[in-house]
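This report looks at one part of a protein model. It covers a helix, a chain-to-chain interface and a single buried serine.

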Amino acid sequence: MVFFLQQCLIGLTNGALVAMVALGYTMVYGIIRLINFAHGDLIMLGACLALTLVSVLGMAAWTGTATWLGVALLVLLCGLFCGGLNVAVDRLVYRPLRNAPKLAPLVSAIGVSFIFMNLGLFWLGPADRSFPELLPATNLLAGEGLQFTAKDLLVIVVVVPLMIALSVLVKTTRLGKAMRAVSQDPTAAALVGIDVDRVIAATFFVGGFLGGAASVIYGLYINTIGFQMGFQNGLYAFTAAVLGGIGSIPGAVVGGLVIGLVRALSSAYVGERWAGAIVFAILIVILVFRPEGLLGRGTKEKV
Amino acid sequence: MNTSPTATGPSDVTDTGSLRDRMLGFVRERWDFVALVALAVAPLVVPALGGALGGQVTMLFIYCILALGLNVMVGYTGLVHLGIAAFFGIGAYLFAILTVPMYPFQMRFVTAAAVSALVTAGVGLTLGAPTLRLRGDYLAIVTLGFGEVVKVTLRNLEQITGGMKGLNPVPPPGAGLKIGGTDLGLAFAIDPRWFYYLALLTLAGVVVAMRRLENSRLGRAWVAVREDELAAEAMGVSATRVKLSAFAMSSAVAGLAGCLYAASLSTTADPNAYDFNRSIMVLCAVILGGLGSIPGTLLGVALLVGFDTVLAPWADSAIQQWNINPSGSSLLSFSGWRLAIFGLALILVMRYRPEGLVPSRRMAAELHEAH
Amino acid sequence: MKAWTWAAWLVVGMAFAAGCRPADPTLVKIVSSLPRTGSAKQQSDTIVRGIRMAIEEAGGQVGPFRVEYLDLDDSTAAAGQWTSEAEAANARRALQDPDVMAYIGTFNSGAAKVSMPILNLGDLLMVSPANTAVGLTKPGLGAPGEPEVYRPTGRFNYTRVVPADDLQGPLSADWAKKRGVKTVYILDDNEVYGKGIADLFDERCRELGIEVLGHDSIDAKAQEFKSLMASVKAAAPDLVYFGGTTQTKGGQLAKDMASAGIAALLMVPDGCREQVFIDSAGAANLEGRCFVTFGGLPPEKLTGKGQAFVERYRKKYGEVPEAYAVYGYEATCVALQAIREVGAKERRAITDRALAIRDFDGALGRWGFDANGDTTMQTLTVSVVKDGKFEFEEILDAAEEAAAP
């Protein structure tokens, strides 16, 4: 029982991290129907910056409140960095392709992902790099053999508020309304006076900011970064976004948690070697029975 | 169907002007024939094709076949497929199972290739049937997931697939066949030009088949479903059957490419050779070249795969031989910049030729109508 | 369609550029085929340095010939690791170039399976500084048909200067037994090398009566192993064995093992014996509990010529060489000696001369090739990680172990 609970805990924590990356996919997809293949590699660059900042500031020596404040600072800086980078890429690469065939931006996104990877290669070097353990590894759950450390807590503490903030942003603010309008019909949105390009840029910024925050959490939680980390990261997150119903914010979160749980439990009860395959097999089965994803809304056919 | 006045039809260039124009016109109209002749003569005049380059160009042909298979799904039928490498791999492994010494089948090359292409098509149907309801990117993610499942399964079913060791040795075609005292299989193993011709011949066959399909009833049904599924159904085209046939055709061609791949490497290689990266590479080649366009697909593969397997190693060793980079810094080696150059090329082509380098006439015409 | 013809011309032009080099009677080329892009680059860098040093020390000259070295890459940017295609292309290229007299490589055993049969056709000498999979040379130990399948001509052309895994895997288990280990949990990276060595370790543990609590393979592309480590923790073994390399997530595994609060010892093979492994795992997570085996002697235990090599390397590059650098050096010395003794550009003769080496006095000590082209060196070193460095712990000798009851 303890073993099962422990695996669930690990699965949910991993899943929360996946969910956070998935949000970046789902935001961008929701608004311009683009699978942003470069998102995982954007996060890799965010993690590069985080590692550089940690060593420049000498954060490994900080303790107590200073550490937590430092983490908040990292989240902010890396978020701004990734958000800004995402906006720049949108301006330079995707915006000229707004009216191009549907698959053209997809290929450009793959191109951007390759360029990011090359930058990461120069930044980090070819080998994996260790991200220092800034947070204490003490177990927060006393006794009972269950383990839940400050690192694990951090993931939850950052992911949940960000998710709530994002929902509020999209549901209630003016910008959020504009985003939803553009997502439904860009032409009509432009006709009612919405600056479509600015709204799209804002979406890229929000998605990038979440990615930047995720990159810091990733570094602190997994403790290893490398120039190739974007790929696997992106693969799971993208899958989570689709599983939950791509374009849906709660969907991305549910998708991420499901993937985390399935991965942990199949590693525990079937074997680590099959875990990756089981995640995708379950994805296929779910999509066969719910073609719009878990929380996605069915699209009406236009005749 | 709808040749708009802007599109340059073949009839515009023939019968006019000087000899030079006539020759250019011939090359333009019959590029396929000219290219085939050039490639067929090349090994006889270019000695390097008897060596490493021959093997690399053979690989290019094999990827061309794979890309033409993917083109059926993505180009003609408009279904985004992110797992073509899985079918490539299934073809390669089936072919290996049917030919390697550790299994009792040990079929001849042609039989084994036919059987594996057919079975791969069956696998395509099995995946296609339950997932046809899915739209656009949901289908894409299913194919991606299928690719991952296949890769992990190939790796873990060690008793059948040899795990990371792969299945080897895959005998060359014609092993045991004596022609004039020499073993044909040994000839294949020693001189890459044999495989070069085999792959070229197969590629030519696939191109001819694709041409005929394009203009057949089925080919037009694929395009109809791509353009408007509902309208196509209203016209009495069964979208289900049409999509399934695209799945099957695409898988069969990919499986065939896999057979050639395994035979020319004499091993299935390890399952990582059939991962997501490969699917993406081929997809990029198809889109970059021009969706639904046969010359475009071939050009896309030649540029993208050629860059990674022919040009990059060549440039790296050139840099070494000219001794530009004695310290071995990665900033000064070509491979240090490979990814960035590759990415930049993808972005630039999409920016300035969003419909691809050689768009299919149909696609180009539509784009000009739409805007 | 113009673009298409342009591309065709480009290909034809390159073909001519590549094909029109005549053989040079005063030149001998040595090529190496190692993963130069991606995550194994750090390891291959040190091997390449070793190779360059051997050639430099010979004055760039062997017998009457000038030596040229070509550093080929068997990985591609897209894959980020070695690929069968790149390796096959390198092998064909070496075979085709009449000046190439020796092929130093490969790094990965899987890659050797691709290039061995190709090079065999041209009798080109292949000396591997790092392949340890048993099936490459040893009849009866690998898959059915190995190693004959790698020799289509029936003649030998492959040698390696590093001891194979049939030494390392079982001896590691013997060491664990001696240390009083009763239960183990075995993990591997599902690669030819890692899984091969883990299986040998597994087999020997069962023979020795060490209980194997579990044996699972990881996906080298996975990011973390927290669930796996929760399972390991629940099994509570004395020792965790990981068959794999730094590139296949050895460091992450150690890290997650520590953060899951597992107190067991960790044992890893030579694929992890590089400073990067300690860096990527975090020195604190390995301190005093991580044992690394290595076929042969580590740089700091080398004597005579080996010690001199380490000294020169340190002067030149400002750091102690990684364990494999000396193997790159030794492999090149073997090739150079064979070429020098034959004194002619005849591949078969050079290959035979190298295979006939029975007593070689080199940087690794005195050793020779056996009938399979394997090194006769039978020592295994166990090191422990202390203060962020590998520290020598013990030398095991296969001959002595066999003699002991």
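Helices here are DSSP runs of H or I with at least four residues, and they are numbered from the N terminus. The model is a predicted one.

**The helix**

Helix 6 of chain C covers residues 192-208, which is 17 residues. From first C-alpha to last, helix 6 spans 24 Å, close to the 24 Å expected at 1.5 Å a residue. Just after helix 6 of chain C comes Gly209(C), which has a positive phi near 85°.

The buried residues of this helix include Val192(C), Ile197(C), Leu200(C), Phe201(C) and Cys205(C). Lys195(C) and Asp202(C) are also among the buried residues. Part of their cover comes from chain C, including helix 4 (109-121), helix 5 (165-178) and strand 7 (183-188). Helix 7 (158-161) of chain B is also part of the cover.

**The interface between chain C and chain B**

The size of an interface is often given as the accessible area lost when the parts come together. For chain C and chain B, the buried area is about 4,200 Å², and carbon and sulfur atoms give 63% of that area. In terms of contacts, 43 residues of chain C meet 51 residues of chain B.

Five salt bridges are counted between chain C and chain B. Lys195(C) of helix 6 is paired with Glu158(B) in a salt bridge between their side chains. There are also six residue pairs in polar contact between chain C and chain B, both residues being at pLDDT 80 or more. On the side of chain C that touches chain B, at least two residues each come from helix 1 (2-19), strand 3 (65-73), helix 3 (84-96), helix 4 and helix 6. Helix 1 of chain C gives the largest share, nine residues. By class, this side of chain C has 21 nonpolar, nine polar and 13 charged residues.

**A buried serine**

Ser75(C) sits in the loop between strand 3 and helix 3 of chain C. Because its relative accessible area is 2%, under the 20% cut-off, Ser75(C) counts as buried. Beyond four places in sequence, the residues touched by Ser75(C) include Pro35(C), Thr37(C), Trp82(C) and Ala86(C). Ser75(C) also touches Arg338(B), in chain B.

The table lists three atom-to-atom distances from this report.

| Pair | Parts involved | Distance |
|---|---|---|
| Glu158(B) and Lys195(C) | side chains, N to O, salt bridge | 3.5 Å |
| Ser75(C) and Asp73(C) | side chains, polar contact | 2.7 Å |
| Ser75(C) and Arg36(C) | side-chain polar atom and backbone nitrogen | 3.5 Å |

Note on methods. Residues are numbered from 1 along each chain as its sequence is written. Chains are lettered from A and ligands numbered from 1 in the order in which they are written. This is a predicted model: local features need pLDDT of at least 70, side-chain atom pairs count only at pLDDT 80 or more; totals for chains, interfaces and linings use all residues. Side-chain values use heavy atoms; hydrogens and water are left out. The expected span of a helix is 1.5 Å times one less than its number of residues. Buried means under 20% relative accessible area, exposed over 50%, partly exposed in between (1.4 Å probe, protein chains only). Contact means heavy atoms within 4.5 Å. Buried area is the accessible area (1.4 Å probe) that two parts lose on being put together, summed over both. A salt bridge is a side-chain nitrogen of Lys or Arg within 4 Å of a carboxyl oxygen of Asp or Glu. A polar contact is a pair of N or O atoms within 3.5 Å; within protein, one must be able to donate a hydrogen and the other to accept it, and residues adjacent in sequence count only if both atoms are side-chain atoms. Ala, Val, Leu, Ile, Met, Phe, Trp, Tyr, Cys and Pro count as nonpolar, Asp, Glu, Lys and Arg as charged, and the others, Gly among them, as polar.
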